[in-house]
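Thanks for coming. I will put the structure up and then walk through a few places in it.

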Amino acid sequence: MRTLLYAIGPMLFDSLGVIVFAVLLAVGAGIVPATVAGTVVAVAVVGYELARGHKVAALQWISLASVLLAAAATLFTGDPRFVMAKPTIVYLIVGTVMLRRGWLNRYILPEQLALVGDVMDRFGFIWAAMMFASAGLNLVVAIFFTAWWPLFIGIFPLASKFGLFAVHIAVVHVVTQARLRRRAGGLLEPLAAE
């Protein structure tokens, strides 16, 4: 439970602009108000981190950039098809960033990193795969099921992320406990051997 609580905060904080955008869209707010609200929140998140002198995480920059691009495209073109395709582009960018080893390390307690860092790296690639799959699915829904897109974008991104997050945390917990038991029993010497 401690690991879950430790990871949920940064995860929600990093994606807050996109979450606000998606939730407002799902509850029926127009594209312009959802975009403006998401932009304000994304700018506030990055501004808060900078004001505290903290390093701004890659996902926070991506969240800000995606909301700003959607805001600009919506306000200048008024074309909702751009907004519908935008998540596909964002998922592709995020998936690419997630291919970097170690990006998940900020979501785990420092004392656990030596124990399950390899598992975190593997899940980093699983997260990337989910983003690439989401990109394709978003494009299919936007093109072929346009009327369903607001419902899709309001539910699927959050549901899929929380679902994978739950699996991720459960697997990390099980692996951590197994490795601690093996270590306590003297069966596991160097962790690098796994």
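**Helix H6, the cores and the surface**

Let me start with valine 116, which sits in helix H6. Before going on, note that this is a predicted model.

Is valine 116 buried or exposed? Its relative accessibility is 0%, so valine 116 counts as buried, the cut-off for buried being under 20%. Which residues does valine 116 touch, once those up to four places away in sequence are not counted? They are Ile108, Val172, Val175, Thr176 and Arg179. There is also a C-alpha distance to mention: valine 116 and histidine 173 are 9.2 Å apart in space, with their positions 57 residues apart in sequence.

Next, the nonpolar cores. The largest one has 32 residues, and within it Met98, Leu104, Trp127 and Trp149 touch the most other members. Four helices supply at least two residues each to this core: H2 (16-26), H5 (80-97), H6 (110-144) and H7 (149-184). The largest share comes from H6, with 12 residues. Separate from that is a second core of five residues, and among them are Ala42, Val46, Leu64 and Val67.

Now the surface. A nonpolar patch there is formed by Leu139, Val140, Ile143, Phe144, Phe145, Trp148, Leu151 and Ile155, and together they have about 840 Å² of accessible area. H6 and H7 are the elements that give two or more residues to the patch. H6 gives the most, four residues. So H6 supplies the largest share of the largest core and also gives the most to this patch.

Take one patch member, isoleucine 143, which lies in helix H6. At 51% relative accessibility, isoleucine 143 counts as exposed, because the cut-off for exposed is over 50%. Valine 116, in H6 as well, is at 0%.

Two more residues, from other helices. Glutamate 49 is in helix H3, which covers residues 31-51. Is glutamate 49 buried or exposed? With a relative accessible area of 7%, glutamate 49 is buried. Leaving aside neighbours within four places in sequence, its contacts are Phe13, His54, Lys55, Val56 and Gln60.

The last one is leucine 69, found in helix H4, residues 58-77. Its relative accessible area is 55%, so leucine 69 is exposed. From C-alpha to C-alpha, leucine 69 and threonine 39 are 9.4 Å apart in space, and they are 30 residues apart in sequence.

That is what I have for today.

Technical notes:
Residues numbered from 1 in each chain as written. Predicted model: local features only at pLDDT ≥ 70, side-chain atom pairs only at ≥ 80, totals over all residues. Heavy atoms only, no water. Buried < 20%, exposed > 50% of the residue type's maximum accessible area, 1.4 Å probe, protein only. Contact = heavy atoms within 4.5 Å. Core = buried A, V, L, I, M, F, W, Y, C linked by side-chain atoms within 4.5 Å. Patch = residues over 30% accessible without salt bridge, like charges linked within 9 Å, V, L, I, M, F, W, Y side chains within 5 Å. Areas by Shrake-Rupley, 256 points an atom, 1.4 Å probe, with all protein chains shown as cover. Salt bridge = Lys/Arg side-chain N within 4 Å of Asp/Glu carboxyl O.
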